[in-house]
Amino acid sequence: MTADATTSTHDVTWSEHESKQLLAQHGVAVAAEQLVHSGEGAAQVAAAMGFPVVAKLCGRAIAHKTERGLVKLRLGDPAAVDAAVQELLAAAQPDDGDVGVLVAEMVSGNRELIVGVATDPQFGLTIMVGIGGIFTEVLADVAFRLLPITSVDAHEMIDDLASQALLGAFRGEPEVDRQALAETLLAVGAAAASVEGLTSIDVNPLIVVDGKPIAVDALVVTL
Amino acid sequence: MSHDLSPLFNPKGVVVAGASTHPGKFGFVSLHNLLANGYEGNVFATNLEAENVLGVQTVGSLDEIPYGAADLVFVCTPGKVVPGLLRQAAAKGIKAAFITSAGFKEAGDDGAQAERDLVALAEELGMVIAGPNGQGVISTPVNMCAQIVAPYPPAGSIGVVSQSGNLVSTFLNLSRASGVGVSRAISAGNAAMLDVSDYLEWFGTDDATSVALAYVEGLTDGRAFMDRVTSVAAQMPIVLVKGGASDEGSKAAASHTGSLATNDRVFDGAIRQAGAVRADGLEEAFDTAATFATQPLPKGPRVAVVTTVGGWGVLAADAISDSRLELADLAPDLFDEIAKLVPPRWSRNNPIDIAGGETRDTVPDILTIVASHPAIDAVLFLGIGIQSNQARLQREGGFYPDHGLERIVAYHERQDTRYAEAAAEASEASGKPVLIATEFAVADPNNPGPATVRATGKYCYPSADRAVAALAHTWDYAQRRQRRSN
């Protein structure tokens with residue numbers, strides 16, 4: 001399944017940076033990041049952010065970054081950042097359009113969640129929370145609601161997840177802050193409502209850091 | 001749009017249009033069912049030859065019915081004459097039609113056009129129409145069985161609506177078997193004018209109905225449906241079963257979220273959001289509706305299991321642990337009270353296995369004490385009917401009534417009767433659910449245990465698992481309603 005084959009030709013996929021800016025405006029906690037266009041600039045940004053950092057090729061037409069090797073993790077010093085950015089910019093293809101490189105703080109946690117918005121043919125815009133990571137589709141431990149949602153709905157969605165043990169204290173990490181997660185859901189819902197012609201939002205992964213959910217990647221699609 | 005469905009469910013008279021002398025035809029069966037169950041309003045029937053059917057002198061046309069004597073026409077004619085019948089009915093002050101006739105939307109494009117025309121006509125005439133292609137309508141407050149199928153259920157407070165006529169019958173059969181009665185039941189048929197949500201909305205206003213039980217497959221307008229379910233669920237529990245739930249949904253979605261957004265998951269979330277209950281299958285749906293109809297809502301999740309059967313208590317505890325309910329801790333004062341009433345070998349824990357304590361006659365007191373304790377929100381009693389089962393064998397075993405058997409059989413049967421009565425009284429006195437589960441509910445319904453449960457107006461659950469699943473749904477509903485009212 002590729003995005004090209006399944007996305008209507010009228011759909012516009014926002015760049016990761018634009019997608020996260022929208023989410024951040026509505027209150028989603030997003031990993032610190034900055035868009036750069038050269039290796040030199042990137043090293044300065046990374047130094048200010050603190051190492052290690054992540055570098056990702058970023059542009060409207062780019063999906064499937066991981067599969068194309070367009071994500072460079074754990075860059076520990078300015079030279080590594082510089083080299084990674086050169087490599088990413090060189091890997092860009094004409095079809096990718098205008099691109100830059102996102103330099104972002106390296107967020108790590110044992111638990112990944114997924115939050116998203118999808119358009120249901122019957123019900124219109126829906127919002128989802130689920131257990132993220134590589135087993136997302138296999139476990140399909142997800143809960144949906146119709147947008148808009150209330151705070152009660154957001155909390156009940158979290159309660160609906162089967163893997164409640166994953167939301168408790170886990171491998172030395174504190175329990176997931178359910179209030180913060182509920183607020184994230186409300187913020188994603190508000191972001192969806194703010195955009196005319198919104199088709200979908202994926203916030204994936206939403207990594208739990210010290211109990212708080214942080215959006216590490218996001219994709220907004222509009223008509 | 002809200003419709004007044006009183007003419008459909010509380011008609012002062014019914015006209016069976018298309019009555020037949022042939023006992024295999026819908027026009028005979030529907031008149032038969034209406035008469036056989038003692039409908040209290042006026043009964044009229046039309047028949048082209050004005051024959052006598054089941055003692056009713058039919059008339060050749062609706063034009064011959066007195067004006068204002070009936071509110072409902074039950075249509076058993078071929079589909080093509082239905083528009084004319086509606087005009088004649090409206091001229092006689094009839095405000096509702098139940099249309100069994102086929103040949104509409106289910107029959108293709110021409111039928112679909114005929115159905116749209118029928119709705120437009122009904123709107124013009126100020127009538128409500130149920131169906132077409134439906135099986136009928138039940139209304140126990142007026143003893144009305146206007147349907148082309150059996151059965152007629154006992155009176156009660158469950159309102160049934162279904163997109164499948166046969167599933168109405170299924171729920172009515174379960175009602176008959178369990179004794180937990182029905183207020184209204186209707187098969188939506190093609191739902192040309194009135195769909196499931198219209199009936200749910202009316203049930204919400206109906207004093208005779210305390211819980212709605214619905215089967216749905218497809219929805220024409222999902223948002224509008226959920227908006228109505230939301231407003232009704234704030235007043236009254238709604239239990240839904242969804243057919244077509246295995247749909248894989250939006251395979252073509254480009255986003256992760258979209259690929260996870262199957263129809264079933266979205267429907268499930270929407271139902272929860274609306275504050276209604278989605279049951280997993282027909283038995284669970286009926287169990288749950290029967291619980292809403294016959295037990296108070298739980299005020300908390302803490303369940304005490306009182307059992308005379310060790311294994312059943314263990315399985316019940318497992319089921320509770322797997323649910324959103326909690327196996328209650330026995331408070332020291334409750335522990336001490338129970339200990340006074342049972343042999344020393346009792347379980348000393350929850351499940352409260354009273355270890356033969358039933359022979360000491362204390363089950364009623366234990367049920368009362370446990371149900372009234374402030375740290376207990378619901379009680380599940382297991383083991384009823386065992387003594388009566390032995391009594392049955394002794395009654396039928398060839399030695400009865402000699403050898404002291406008459407006396408002991410009567411004693412055993414009286415004990416199970418007392419337990420069922422005590423459970424109902426404990427629920428009444430405490431305002432808490434007190435559920436009884438036993439396989440005798442289906443294995444031997446005439447056993448005085450389940451028979452007395454039915455006589456007290458309660459539902460006898462066929463297993464502890466099913467009781468726990470139903471109780472858990474009522475607790476979920478109670479919580480959702482509470483959260484939404486804040």
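1. Let me start with a small detail: Leu54(B) sits in the loop between strand 3 (52-53) and strand 4 (56-57) of chain B. Phi of this leucine is near 55 degrees, a positive value in a residue other than glycine. Leu54(B) counts as partly exposed, because 17 other C-beta atoms lie within 10 Å. Please keep in mind throughout that this is a predicted model.

2. Chain A has a comparable spot to look at. Phi of Arg171(A), a residue other than glycine, is near 45 degrees and so positive in sign. You will find Arg171(A) in the loop between helix 7 (164-167) and helix 8 (178-194) of chain A. Is Arg171(A) buried or exposed? Arg171(A) counts as exposed, because it has 7 C-beta neighbours inside 10 Å and the cut-off for exposed is 12 or fewer.

3. Two cis peptide bonds deserve a look while you have the loops on screen. In chain A, a cis bond joins Phe51(A) and Pro52(A), with omega at about -5 degrees. Pro52(A) belongs to the loop between helix 3 (39-49) and strand 3 of chain A. In chain B, a cis bond joins Ala150(B) and Pro151(B), and omega is again about -5 degrees. Pro151(B) is in the loop between strand 9 and strand 10 of chain B.

4. On chain B as a whole: its secondary structure amounts to 18 helices and 20 strands. The radius of gyration of chain B is 26 Å, close to the 23 Å from the globule rule for 486 residues, so chain B is as compact as a globular protein of that length. The C-alpha trace of chain B spans about 80 × 70 × 35 Å along its principal axes. Of the 486 residues of chain B, 55% count as buried. Among contacts in chain B with a separation of 6 or more, 72% come from residues 24 or more positions apart.

5. Next, a sheet in chain B. Here 7 strands make an open sheet of mixed pairing, in the order 9-8-11-10-12-13-14. Strand 9 (144-147) and strand 14 (277-278) of chain B are the edge strands, each pairing on one side only. Within chain B, strand 10 (residues 155-162) and strand 12 (residues 211-216) run parallel and are joined by 5 bridges. Which residue is the bridge partner of Gly159(B) in strand 12 of chain B? The partner is Ala212(B). Helix 6 (residues 196-205) of chain B lies across strand 10, strand 11 (182-187), strand 12 and strand 13 (238-242), running at about 175 degrees to strand 12 of chain B.

6. Chain A has an open sheet of 4 strands in the order 2-5-3-4, with antiparallel pairing. Its edge strands are strand 2 (33-36) and strand 4 (71-75) of chain A, each with a partner on one side only. On average, neighbouring strands of this sheet are turned by 25 degrees against each other, direction ignored. Strand 2 and strand 5 (residues 99-105) of chain A are antiparallel and share 4 bridges; Leu35(A) stands opposite Leu102(A) in strand 5 of chain A.

7. A helix lies on that sheet too. Helix 4 (residues 78-91) of chain A lies across strand 2, strand 3 (53-59), strand 4 and strand 5 of chain A, at about 20 degrees to strand 3 of chain A. Leu89(A) is part of helix 4 of chain A and is partly exposed, with 17 other C-beta atoms within 10 Å. The C-alpha atoms of Leu89(A) and Lys56(A) are separated by 9.6 Å, although these residues are 33 residues apart along the chain.

8. There is also a hairpin in chain A. Strand 9 and strand 10 of chain A form this hairpin with 2 residues between them, and Asp210(A) in the turn has a positive phi of about 50 degrees. The antiparallel strands 9 (residues 198-209) and 10 (residues 212-215) of chain A are joined by 4 bridges, and Leu206(A) stands opposite Ala215(A) in strand 10 of chain A.

9. Finally, the core and the interface. The largest nonpolar core has 224 residues; Ala55(A), Val188(A), Val15(B), Ile238(B), Leu367(B) and Val379(B) touch the most other members. Helix 18 of chain B gives the largest share of this core, 9 residues. The contact between the chains takes 22 residues from chain B and 30 residues from chain A. On the chain B side, helix 9 gives the largest share, 6 residues, and the residues there divide into 9 nonpolar, 8 polar and 5 charged.

Methods: Residues are numbered from 1 along each chain as its sequence is written. Chains are lettered from A and ligands numbered from 1 in the order in which they are written. This is a predicted model: local features need pLDDT of at least 70, side-chain atom pairs count only at pLDDT 80 or more; totals for chains, interfaces and linings use all residues. Two residues are in contact if their C-beta atoms, placed from the backbone, lie within 7 Å. Ala, Val, Leu, Ile, Met, Phe, Trp, Tyr, Cys and Pro count as nonpolar, Asp, Glu, Lys and Arg as charged, and the others, Gly among them, as polar. The radius of gyration is taken over C-alpha atoms; the globule rule is 2.2 Å times the number of residues to the power 0.38. A residue is buried if 20 or more other C-beta atoms lie within 10 Å of its own, exposed if 12 or fewer, and partly exposed in between; C-beta atoms are placed from the backbone. Two strands pair if DSSP finds at least two bridges between them. Axes are lines fitted to C-alpha atoms, for helices over the stretch in contact, and angles run from 0 to 180 degrees between N-to-C directions. A nonpolar core is a set of buried Ala, Val, Leu, Ile, Met, Phe, Trp, Tyr and Cys residues joined through C-beta atoms within 7 Å.
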